[in-house]
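Please work through the exercises below with the sequence and the 3D structure open beside you. Try each task before reading its solution.

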Amino acid sequence: MAQNIEFDALESNVNAVIAVADTVRTTLGPKGLDKLLIDQAMNRHVSNDGVTILLSLKTIHPVARMVVEIAERQEQLVGDGTTTAVVMAAEMVKEGRRLIKELGVHPTKVVEGIESGVHYACELLEQVTKRISINDVELEHVVNTSLASKLDGKKLASIVIQAIRRVGNNAMYNGLYDFDKSIKVIRRMNMEDRIVDGIVLERGRIDKEMPIEVKDSRILVCKLDLKPIKDSWLKENSRYEEILSMEKDRVAKAKEIVDAMLSTGANVILIASPEIDNVVENLLVNRRVFATIISTDEVESITRYTGAKPVRMFEDLKHDGILGYADRVYEDEDNGIIYIENGKNKNIVTVIVSGTTKETSLERWRAARDGVNAAEAALNKGVVAGGGAAELHIIDKMKSLKLRGLEQVGVDVVASALESIMRQILTNAGFNGLEKVMMAKALPDTFGIDINTGEPLDMLKAGVLDPLLVKTTALKAAGEIAKAVLRIDRNLAAEDLSQQALSESKR
Ligand code: ADP
Ligand code: MG
């Protein structure tokens, strides 16, 4: 029995969190170092991206895995700040462990304290937040800051900023910027980086005999059943006459469908049907229209971009207003991709990110996405001083809040996490992080330390800005990890938990 129980779970779990943090902490900030990832087959990949590194770890400890999961969620929620979250989590559990073990504070008090500590910290950060808009120079600053530590960050930042400004306020939905909807980032090897005013489909047209380019495109998005006679019907039938009549039917039906599609006035047909009859395909080639296949995911953005209404039923082809519009649809045959440019609603741009190898293109793609996400967060919720300055300067304000007993405990835990960001960034830049943080504490609120010189620097003036949302989400993620870990007092070896033990009926 004994070996099934880990009595000092706190120690072991806290160490696991710290170990995970140690693998990524040296990547934090612009002077962060890269990691070389090597898999079993000796494939190598160099990365500076917290989440990439975490996800590729062969983590064994279950608590370490939990940290990775929460970091991944952070990535999905705001798309940046994962290293920050993990570094803060390590600090919180370390300080929490000290309170529990050395000072004998009950874990539940520490956990409650962390909850309110995180809450106050987020409120204080909100109070120092600056709102920005799309043409402000601060937008450039925030994207540059987010990409400061990335491979080719400067170039990517400038592309991201241009893309954002091109789509502009057309990217707004319900009063907020939604770049998930309006800025597509795709990666292509052996192509130059570029911004496309429109949508890029990563495939060619159905047949090379179709026109390669259509100007003043009238676009039909087709979800019709384009295989009226199923192959299986023909196969299952052995009577020659019936087969013949079905074949005739098939040709007639195909003609009818294609005629109806073209009578809408469409000169580009984007097909999202599950199957297409060969005869339909051949007729489309014959009639010299531009046609290609699109996925169900693409239907949504294409209709939003061009104003097309997807046609599901044959009868719908007679309705007005089903066609979408774009200035130009054409195929780049060398690269096998299709551009849909200057659609009616001008609410999508695509950033093509290049890379010489699969890995570099992936790393650059992730970086570009980080930049886009940081910009969205910054435009929607504002920015704070970066380099760990905003976090550092709310500590005193937090400590001066007159809190009830146990909440004060949480303040200490959260305070140590808030301090750790600047310390780590400066340690990574080759300074004595602790010493520099002490120096920065005495400086005005927006000040931190210049990573190049070690001298005081006004982060707002220097253009080192972080989105508030990235900071608060990272804090909350770190708090979540810390709370979960500190609450556990035993690690038990259990039977298979995947089905029965966790099923509702057993609760
Ligand atoms: P994360 O995975 O947490 O996003 P990054 O490696 O992207 O980690 O580092 C982000 C941190 O680096 C932010 O706190 C940001 O303010 C800081 N940073 C970026 N540029 C600078 C700079 N020039 N000086 C100081 N800190 C910077
Ligand atoms: Mg980042």
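The exercises that follow concern a predicted model, and each task is followed by a worked solution.

**Exercise 1. The chain as a whole**

Task: Describe the chain by its helices and strands, by its span along the principal axes and by the share of its residues that count as buried.

Solution. Begin with the secondary structure, where the chain has 20 helices and 19 strands. Next, consider the extent of the C-alpha trace, which spans about 90 × 60 × 45 Å along its principal axes. Then turn to burial: of the 507 residues of the chain, 53% count as buried. The accessible surface comes to about 24,000 Å², and carbon and sulfur atoms hold 50% of it. Finally, look at the contacts with a separation of 6 or more, of which 76% are between residues 24 or more positions apart.

**Exercise 2. The surroundings of ligand 1**

Task: Find which residues come nearest to ligand 1, and which helix gives the most to the shell around it.

Solution. Start with the 19 residues around ligand 1, among which Asp80, Thr83, Thr84, Gly387 and Asp466 come nearest. Helix H4, which covers residues 82-101, gives the most to this shell, with three residues.

The next step is to look at single atoms. A polar side-chain atom of Thr84 lies 2.5 Å from an oxygen atom of ligand 1, while in Ser149 an N or O atom of the side chain is 3.3 Å from an oxygen atom of the ligand. With Gly387 the backbone takes part, since one of its N or O atoms lies 2.6 Å from an oxygen atom of ligand 1. Taken alone, ligand 1 exposes 580 Å², and the protein buries 91% of that area. The space taken by ligand 1 is the largest pocket.

**Exercise 3. Thr27 and Thr82**

Task: Decide whether Thr27 is buried or exposed, do likewise for Thr82, and list the contacts of Thr27 and of Thr82.

Solution. First locate Thr27, which lies in the loop between helix H1 (9-24) and strand S2 (35-38). A residue counts as buried when its relative accessible area is under 20%; Thr27 is therefore buried, because its relative accessibility is 2%. A polar atom of its side chain lies 2.7 Å from the backbone oxygen of Val24. Leaving aside neighbours within four places in sequence, Thr27 is in contact with Gly32, Leu33, Lys35, Asn48, Ile53, Thr83 and Asn428.

Now repeat the steps for Thr82, whose place is in helix H4. Its relative accessibility is 5%, so Thr82 also counts as buried. Beyond its neighbours within four places in sequence, Thr82 is in contact with Gly50, Val51, Ala71, Gln74 and Glu75.

**Exercise 4. Strand S9 and the sign of phi**

Task: Explain why Glu213 counts as partly exposed, and then examine the phi angles of Asp216 and Asn190.

Solution. Glu213 is in strand S9, which covers residues 213-222. Partly exposed residues lie between the cut-offs of 20% and 50%, so Glu213 belongs to this class because its relative accessible area is 33%. Not counting residues up to four places away in sequence, Glu213 touches Arg328, Val329 and Tyr330, and a polar contact of 2.6 Å joins its side chain to that of Arg328. Glu213 and Glu331 are 118 residues apart in sequence, yet their C-alpha atoms are 6.5 Å apart in space.

For the second part, recall that most residues other than glycine have a negative phi. Asp216, also found in strand S9, has a positive phi of about 45° although it is not a glycine, and at 57% relative accessibility Asp216 counts as exposed. Asn190 lies in the loop between strand S6 (183-187) and strand S7 (194-196); its phi is positive too, at about 60°, and Asn190 is exposed, with a relative accessible area of 65%.

**Exercise 5. Helix H11**

Task: Identify the buried residues of helix H11, and state what they pack against.

Solution. In helix H11, which covers residues 278-286, the buried residues are Val279, Val280, Leu283, Leu284 and Val285. In an α-helix, residues three or four places apart point the same way, because there are 3.6 residues a turn. The buried residues of H11 pack against helix H10 (240-262), strand S10 (268-271) and strand S11 (290-293). To finish, inspect the two ends: at the start of H11, a side-chain oxygen of Asp277 reaches to within 2.8 Å of the backbone nitrogen of Val279, and just after H11, Arg288 takes a positive phi of about 60°.

Note on methods
Residues numbered from 1 in each chain as written. Chains lettered and ligands numbered in written order. Predicted model: local features only at pLDDT ≥ 70, side-chain atom pairs only at ≥ 80, totals over all residues. Heavy atoms only, no water. Buried < 20%, exposed > 50% of the residue type's maximum accessible area, 1.4 Å probe, protein only. Helix = DSSP H or I, 4+ residues; strand = E, 2+ residues; numbered from the N terminus. Contact = heavy atoms within 4.5 Å. Polar contact = N/O pair within 3.5 Å; in protein donor to acceptor, adjacent residues only side chain to side chain. Near = heavy atom within 4 Å. Areas by Shrake-Rupley, 256 points an atom, 1.4 Å probe, with all protein chains shown as cover. 1 Å grid on protein atoms, 1.4 Å probe; cavity = no way out; pocket = protein on both sides within 12 Å on 5 of 7 lines; lining within 4 Å. Sits in = over half its atoms within 2 Å of the grid points.
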